[in-house]
Amino acid sequence: MVSGLVIYVLDLVYRILRRRSTAALVAANCHPASVLELTLVKKKFYFHPGQYVLLHCPKVSLWEWHPFTITSSTSGQSKFTLHLRTRGDWSHNLSIHLLGGRTSLLVNQSCMTLC
């Protein structure tokens with residue numbers, strides 16, 4: 001019982017520490033059928049296409065984290081792409097916040113948090 005609780009607390013602390021690091025948004029593009037493509041860079045982030053990340057944008061919602069599948073990556077680099085369907089409130093508000101009516105955006109800002 002105690003060992004299970006210790007493992008749970010260690011996992012919780014590890015997740016909280018990882019959530020402090022941010023990812024830089026490199027580009028955002030709007031595709032047909034309400035699909036938002038985000039290209040992000042995060043240092044020391046190892047992944048493979050098909051894995052998922054938890055995405056958080058405090059300017060859209062302070063407490064919400066949403067899982068999205070990594071759709072492509074560049075081998076040897078920490079650059080990866082997410083494709084989001086903008087069906088719900090959070091993803092729609094993210095699209096408006098990032099693009100503001102435009103169809104594409106090239107930036108280098110740290111506004112996303114990944115876990």
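**Exercise 1. Serine 73**

Classify serine 73 as buried, partly exposed or exposed, and place it in the fold.

Solution.
- Step 1: take the cut-offs. Buried means under 20% relative accessible area, exposed over 50%, and partly exposed in between, with a 1.4 Å probe and protein chains only.
- Step 2: apply them. Serine 73 has a relative accessible area of 30%, so it is partly exposed.
- Step 3: find the element. Serine 73 lies in strand β4. Helices (H or I, at least four residues) and strands (E, at least two) are DSSP runs, numbered from the N terminus.
- Step 4: find the partner. Serine 73 stands opposite phenylalanine 80 in β5.
- Step 5: check a contact across the chain. Serine 73 and histidine 48 are 25 residues apart along the chain, and their C-alpha atoms are separated by 7.1 Å.

The model is predicted: local features need pLDDT of at least 70, side-chain atom pairs count only at pLDDT 80 or more, and totals for chains, interfaces and linings use all residues. Residues are numbered from 1 along each chain as its sequence is written, and side-chain values use heavy atoms, with hydrogens and water left out.

**Exercise 2. The overall fold**

State how many helices and strands the protein has, and their order.

Solution.
- Step 1: count. The protein has two helices and six strands.
- Step 2: order them. From the N terminus on, the elements run α-β-β-β-β-β-α-β.
- Step 3: add burial. Of the 115 residues in the protein, 35% are buried.

**Exercise 3. Strand pairing around β4**

Determine which strands pair with β4, and in which sense.

Solution.
- Step 1: set the rule. Two strands pair if DSSP finds at least two bridges between them.
- Step 2: look at β3. Strand β3 (residues 52-56) pairs with β4 over four bridges, in the antiparallel sense.
- Step 3: name a position. Valine 53 stands opposite phenylalanine 68 in β4.
- Step 4: look at β5. Strand β5 (residues 79-85) is joined to β4 by three bridges, and the two run antiparallel.

**Exercise 4. The aromatic pair**

Search the whole structure for aromatic pairs and classify what turns up.

Solution.
- Step 1: set the rule. Rings of Phe, Tyr and Trp (its six-membered ring) pair if their centres lie within 6.5 Å; planes under 30 degrees apart count as stacked, over 60 as edge-to-face and the rest as tilted.
- Step 2: search. One aromatic pair is found.
- Step 3: classify. The ring centres of phenylalanine 68 and tryptophan 90 are 6.1 Å apart and the planes lie at 25°, so the pair is stacked.
- Step 4: locate the partners. The pair links distant parts of the chain: phenylalanine 68 is in strand β4 (residues 66-73) and tryptophan 90 is in helix α2 (residues 89-99), 22 residues apart.
- Step 5: check burial. Phenylalanine 68 has a relative accessible area of 13%, so it is buried. Tryptophan 90 is buried too, with a value of 6%.

**Exercise 5. The β1-β2 hairpin**

Find which residues between β1 and β2 have a positive phi without being glycine.

Solution.
- Step 1: recall the background. Most residues other than glycine have a negative phi.
- Step 2: set the frame. Strand β1 (residues 22-31) and strand β2 (residues 35-41) pair in the antiparallel sense over seven bridges. Three residues sit between the strands of this hairpin.
- Step 3: take alanine 33. It has a positive phi of about 65°, and at 55% relative accessibility it counts as exposed.
- Step 4: take serine 34. Its phi is near 55°, and it is found in the loop between β1 and β2. With a relative accessible area of 42%, serine 34 is partly exposed.
- Step 5: compare a strand residue. Alanine 28 lies in strand β1 and is buried at 1% relative accessibility.

**Exercise 6. Cysteines**

Count the disulfides and describe cysteine 30 and cysteine 57.

Solution.
- Step 1: set the rule. A disulfide is a pair of cysteine sulfur atoms within 2.5 Å.
- Step 2: count. The result is zero disulfides.
- Step 3: take cysteine 30. At 38% relative accessibility it counts as partly exposed. Its bridge partner in β2 is leucine 36.
- Step 4: take cysteine 57. At 1% relative accessibility it counts as buried.
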